[in-house]
Amino acid sequence: MAFKLQSVLGNLLAGGDSVPLNPRTRIIATVLAVPLAAFEFWLAFIGLVTPIQLGLIFMVPLMIIAFLTTSGVTGRNENSVFDIVGAILVAVAGSYLLWESPRFGNWILGISRFNLLDQVAGVVMILATLIILKRRVGPGMLAVVLILMAYLIFGHLLEGFLYHRHFSIREIIEQSIISPNGGLFGTPVAAAAVYVYLFVVFGKILQTSGGGQFFFDLAALVAGRRVGGVAKVSVVSSGLFGMISGSPTSDVVTTGTITIPMMKRMGYPAHIASAIETVASVGGSFLPPVMGAVVFILVEFTGIPYGEVISASVITALIYYFAIYLQVHQYSAGHGIGYLDADDIPSAKSVLLHGWIYILPMVVLIVMIERGYTPQYSVALAIISTTVLSWLHRNREYRIGVRALVSTVTDAAVVLAPLVAAVAGAGLVEQVLNVTGIGSKISYQMFEVADGQPVLILLFAAFVTIVFGMGMPVPAVYALAAILLAPGMVQAGFDLLAAHLFLVWFSVASHLTPPIAVAAYVAAAIGGAPPMTVSVWASRLGLVAYLLPFTFMLRPGLLLVGTPLEILFDSAIAMAAVTLLVAASIGYFAAPVTGWRRPVLIVLGLTAALLTTLPWLAVCAAVAGVGLLWWNRRNAKEQPDSDVKKGRLSQTSVNVPR
């Protein structure tokens with residue numbers, strides 16, 4: 001009996017492979033996804049529900065789909081009996097809790113009666129969350145959740161600052177289901193249900209209606225005729241799509257299948273093409289006006305208006321893409337590659353004639369948000385306008401009818417299925433941290449070690465966030481980091497918005513950081529390049545993703561804080577610093593940058609970016625670095641036997657194997 005129970009649990013908790021929807025499971029997914037979409041639109045316009053009702057209506061359909069799209073056995077391309085049983089148990093337990101939800105509306109912890117059926121249903125939902133976490137998100141986050149849950153159960157046996165009062169199993173289950181302190185239906189799930197869902201659907205609707213091709217054509221029109229034009233198309237198009245999708249991995253898959261093969265055809269090595277696509281996709285989550293789904297969790301956590309968040313993010317996002325664009329240009333100029341053929345560049349008339357219908361929904365979204373409407377209301381209108389305007393497209397394939405709409409919301413539900421377990425797991429973490437106080441204790445210990453040094457505190461927060469982010473979705477990483485680290489950063493004197501944006505940047509940067517750089521690995525699969533090589537090059541090309549968060553924490557002008565002169569000064573210094581670091585990273589800036597020049601440029605760039613106590617020294621470092629680049633270029637021109645021949649670089653100059 002014990003062996004059978006162990007076998008069952010092993011199959012339930014085992015990792016497995018993704019299972020494509022077959023005709024039968026697709027019908028089930030559609031039956032679940034369409035009512036969920038209808039509920040989300042009702043909620044955006046006129047709806048009002050309790051937190052537990054919102055969480056259940058959002059989570060249960062997606063958890064069932066998660067079971068149906070994952071095998072409990074590695075290498076098996078179909079569902080096992082355990083997957084079916086898991087889906088059924090979630091449906092039954094979720095339906096019961098939803099039926100009882102009016103009773104939970106005025107719940108008083110410790111006084112209201114949490115009966116046996118409530119406990120059983122709660123256990124089912126918790127176990128289902130852990131199983132899907134293991135299968136769809138990975139062992140990393142599962143380990144975090146299990147360790148903290150174990151701490152909640154056994155922490156009363158510990159001594160010192162880790163001690164907390166005893167919680168019974170019944171009390172833990174009750175708090176996980178009905179609690180203002182977090183739990184399965186806490187802030188992360190609410191943010192995903194209210195904001196993330198509709199923006200994912202918006203991205204899918206744009207893609208279905210041909211918006212993805214329009215953004216690519218627009219990028220080709222803007223950058224295609226320039227040096228490295230094909231790679232610059234990847235940078236621009238991935239940024240435009242990424243700000244909608246908010247998922248670096250999804251962006252790589254969507255745009256990388258077009259841009260990576262194109263870059264390879266134009267002469268870029270496979271690992272370079274894959275790395276460029278990775279850093280361009282990662283940046284989409286920094287780029288206003290949407291910034292992906294994670295920004296709405298930030299809004300929910302901080303209470304800061306959405307418009308204020310995106311306004312504060314404009315300068316740093318533009319500097320990020322300036323750096324990526326500049327690196328692509330210098331690499332391409334050094335190797336003389338990347339030009340788009342004239343036949344591959346669409347005319348402005350053609351792009352605008354067929355694509356103007358995709359501009360209007362973006363205008364609707366931005367204008368409605370700027371006028372003070374809620375993000376979910378604004379994006380719902382953008383979705384409706386995209387659907388209606390698609391019928392004006394000359395290509396019937398891009399017109400969204402009932403069948404295409406149903407298929408799109410079903411695909412969106414499948415995409416969101418892994419996220420629901422991640423945010424629910426983050427809610428469990430939030431619960432443990434709140435009821436035990438371990439979050440504030442960790443923050444206290446962190447600041448004790450840092451001894452009040454701002455840079456050490458930021459380094460610690462950056463490291464922990466990147467570790468959290470290895471293999472986890474961006475919203476889940478940020479939710480964990482915001483719960484664990486943000487309160488302590490604010491207590492240390494950092495601005496609330498700046499602290500949370502710092503964590504957002506490193507949550508996203510984790511997707512290009514070895515050894516588990518999910519977005520880089522996906523790009524490597526598309527490009528046919530070694531995954532670790534791609535992730536190392538992505539980290540190198542995306543160096544500014546690690547630098548800029550420290551810079552805007554120390555130079556608040558980058559977040560539009562301060563006088564116009566202070567904002568201009570901080571922006572100019574940051575641009576100069578980024579330019580110096582790009583030259584050192586690529587090893588080329590209108591001429592080869594070799595030898596002692598590269599480490600000197602790195603020191604000067606970091607000095608300019610991070611030294612705020614002596615502004616005059618930062619300015620001197622920036623000026624000296626720019627002067628060094630000018631001298632290096634002039635010196636190279638005066639040497640006819642140098643590596644620069646007709647604007648091209650030898651392979652050894654930049655150490656890029658082909």
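Here is a short tour of one glutamine and two cavities in this predicted model.

**Stop one: Gln-376.** Select Gln-376, which sits in helix α16, residues 375-389. Is this side chain's residue buried or exposed? Gln-376 counts as buried because its relative accessible area is 17%, and the cut-off for buried is under 20%. Now show its contacts: leaving out residues up to four places away in sequence, Gln-376 touches Ala-44, Val-194, Tyr-195 and Leu-198.

**Stop two: the largest cavity.** Next, switch on cavities; the structure has two of 30 Å³ or more. Go to the largest one, at about 60 Å³. To see its lining, select Ile-272, Ile-276, Val-279, Ile-324, Gln-327, Val-328, Tyr-331 and Leu-541. Colour by element and you'll find that α12 (270-282) and α14 (306-335) each give two or more residues to this lining. Which helix supplies the largest share? That's α14, with four residues. Colour by class instead, and the lining splits into seven nonpolar residues, one polar and no charged.

**Stop three: the second largest cavity.** Keep Gln-327 and Leu-541 selected, since both also line the second largest cavity. Add Leu-543, Val-544, Leu-581, Val-582 and Ser-585 to complete that lining. The space inside is about 30 Å³. Here the elements giving two or more residues are α25 (543-554) and α26 (564-586), and α26 gives the most, with three. By class, this lining has five nonpolar, two polar and no charged residues.

How values were computed. Residues are numbered from 1 along each chain as its sequence is written. This is a predicted model: local features need pLDDT of at least 70, side-chain atom pairs count only at pLDDT 80 or more; totals for chains, interfaces and linings use all residues. Side-chain values use heavy atoms; hydrogens and water are left out. Buried means under 20% relative accessible area, exposed over 50%, partly exposed in between (1.4 Å probe, protein chains only). Contact means heavy atoms within 4.5 Å. On a 1 Å grid over the protein atoms alone, a cavity is a set of points where a 1.4 Å probe fits but cannot get out, and a pocket is an open set with protein on both sides within 12 Å along at least five of seven lines; lining residues have an atom within 4 Å of a point. Grid points are joined across faces, edges and corners, and a volume is the space filled by probe spheres set on the points. Ala, Val, Leu, Ile, Met, Phe, Trp, Tyr, Cys and Pro count as nonpolar, Asp, Glu, Lys and Arg as charged, and the others, Gly among them, as polar.
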